[in-house]
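Visitor: I would like a close look at a single part of this model, followed by a connected account of how the rest of the chain is arranged. Please take your time over the details.

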Amino acid sequence: MNSQQEINPHFLPQPTYPHLQDQRPRQKPPQDPRHLHGQSVQPSPQLRDPPIAQGYDARHPHFQPSSQTRPEQQLGRHHVGQPEQRPPSLIVTPRKDRPIAGLIAACCILFWIIVIIAGLTVLIVYLVYRPRLPKFDISSATLNAAYLDMGYLLNADLTILGNFTNPNKKVNVDFSFVIMDLYYDSNLIATRYIDPFTSISGESKFEDIHMVSSQVRLPLAISQDLTKQMNNGRVNFDVKGLFRARSILGGVLKYSYWLYSHCAITVTGPPTGILIAKKCTTKR
């Protein structure tokens, strides 16, 4: 055994930092029994100073800032009392109002005021006049002639008395475009255009519509069916109309719309075929 014992550096007095020490009591490291027999003992990693707690002063020789340390902790305790410096990117400067923004807002407000006033005006006019759709009806129809050339070429002459009724009491209706089509079993056989006219409030206007078909080719099955109907004295036709109408409310407000009419009629055989059944509808 050596006459002189080496001094274990672990047991040397360590410098203390009272203002930086952790509040929790530090445990006393266990003594190595080899030290009692005069052997030199190196401090083990387990007996070294514990890691510096988060928030210690940066001037401490063992200070190593962690990724979770806040900026004020990394700067040290001597910066805690100073006011926090905000990064330049977070400084918000108030914007000055621009005159063009106020002008746009005023234009939007004016636009919506005009829209609201116009809507209220239309609603009031509608409630006062209560416009209704005109109606089309067939008062009478005469089948003057109908025969088939070569068994499938149709020649027909049909006269229709159309009734255009304006059910409104305060509204006039202008018919600017009127066209009538004559069909037999979904096959167009004649077309007639009618000149524009006006129907005043509460008026029923009658128009003679002369439908003539010449050498209209029909499928063989449909031609045979037409021959049977003429022999039986009940021939069925479809009359379809397309109208462009315009209503005038109080002589100020005008609006246009399209009307579609469909009439299914049944007449007796030619040459003096008369109307014996009808069904008419008119819609927009």
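At which residues does UniProt place the feature "transmembrane region"?

Guide: The record in UniProt, an unreviewed entry, places the feature "transmembrane region" at residues 100-129, and since the model is a predicted one, what follows describes computed geometry. In the model the span of residues 100-129 is 100% helix and 0% strand, with its end C-alpha atoms 44 Å apart. Helix 3 covers residues 99-129 and includes L120. L120 also belongs to a nonpolar surface patch of about 1,000 Å², which is made by F111, W112, V115, I116, L120, L123, I124, Y126, L127 and V128. With a relative accessible area of 49%, L120 counts as partly exposed, because the exposed class begins over 50%.

To set this part in its context, the protein chain comes to four helices and nine strands, and along the sequence these follow the pattern α-α-α-β-β-β-β-β-β-α-β-β-β. Of the 284 residues of the chain, 27% count as buried.

Among the strands, two salt bridges can be traced, and the structure holds two in total. In one of them K278 pairs with D137, the closest N and O atoms being 3.3 Å apart; this pair links distant parts of the chain, with K278 in strand 9 (residues 273-283) and D137 in strand 1 (residues 135-149), 141 residues apart. K278 is partly exposed at a relative accessible area of 41%, and D137 is likewise partly exposed, at 27%. In the other, the side chains of R246 and D174 meet at 3.2 Å, N to O. R246 lies in strand 7 (residues 235-249) and D174 in strand 3 (residues 171-184), so this salt bridge ties together parts that are 72 residues apart in sequence. Here R246 counts as partly exposed at 33% relative accessibility, whereas D174, at 15%, counts as buried because it falls under the 20% cut-off.

Aromatic side chains add a further set of contacts, for which the count comes to twelve aromatic pairs. One of them joins Y255 and Y257 in a tilted arrangement, 5.5 Å centre to centre and with 35° between the planes. The two partners differ in their cover, since Y255 is partly exposed with a relative accessible area of 28%, while Y257 is buried at 3%. Elsewhere F136, F164, F175, F197 and F243 form one aromatic cluster, and the charged end of K240 sits over the ring of Y183, 4.9 Å from its centre.

Some details of the backbone also deserve attention. The peptide bond from P270 to P271 is cis, with omega near 10°, and P271 is found in the loop between strand 8 (253-267) and strand 9. S186, although not a glycine, has a positive phi of about 65°; this residue is found in the loop between strand 3 and strand 4 (187-194), where S186 counts as exposed at 67% relative accessibility. Q215 is another residue that has a positive phi, of about 55°, without being a glycine, but Q215 is found within strand 6 (residues 204-217) and counts as partly exposed at 40% relative accessibility.

Terms used: Residues numbered from 1 in each chain as written. Predicted model: local features only at pLDDT ≥ 70, side-chain atom pairs only at ≥ 80, totals over all residues. Heavy atoms only, no water. Patch = residues over 30% accessible without salt bridge, like charges linked within 9 Å, V, L, I, M, F, W, Y side chains within 5 Å. Areas by Shrake-Rupley, 256 points an atom, 1.4 Å probe, with all protein chains shown as cover. Salt bridge = Lys/Arg side-chain N within 4 Å of Asp/Glu carboxyl O. Helix = DSSP H or I, 4+ residues; strand = E, 2+ residues; numbered from the N terminus. Buried < 20%, exposed > 50% of the residue type's maximum accessible area, 1.4 Å probe, protein only. Phe/Tyr/Trp six-rings, centres within 6.5 Å; stacked < 30°, edge-to-face > 60°. Lys NZ or Arg CZ within 6 Å of the ring centre and 35° of its normal. UniProt positions renumbered as here; feature names shortened; annotations may be inferred.
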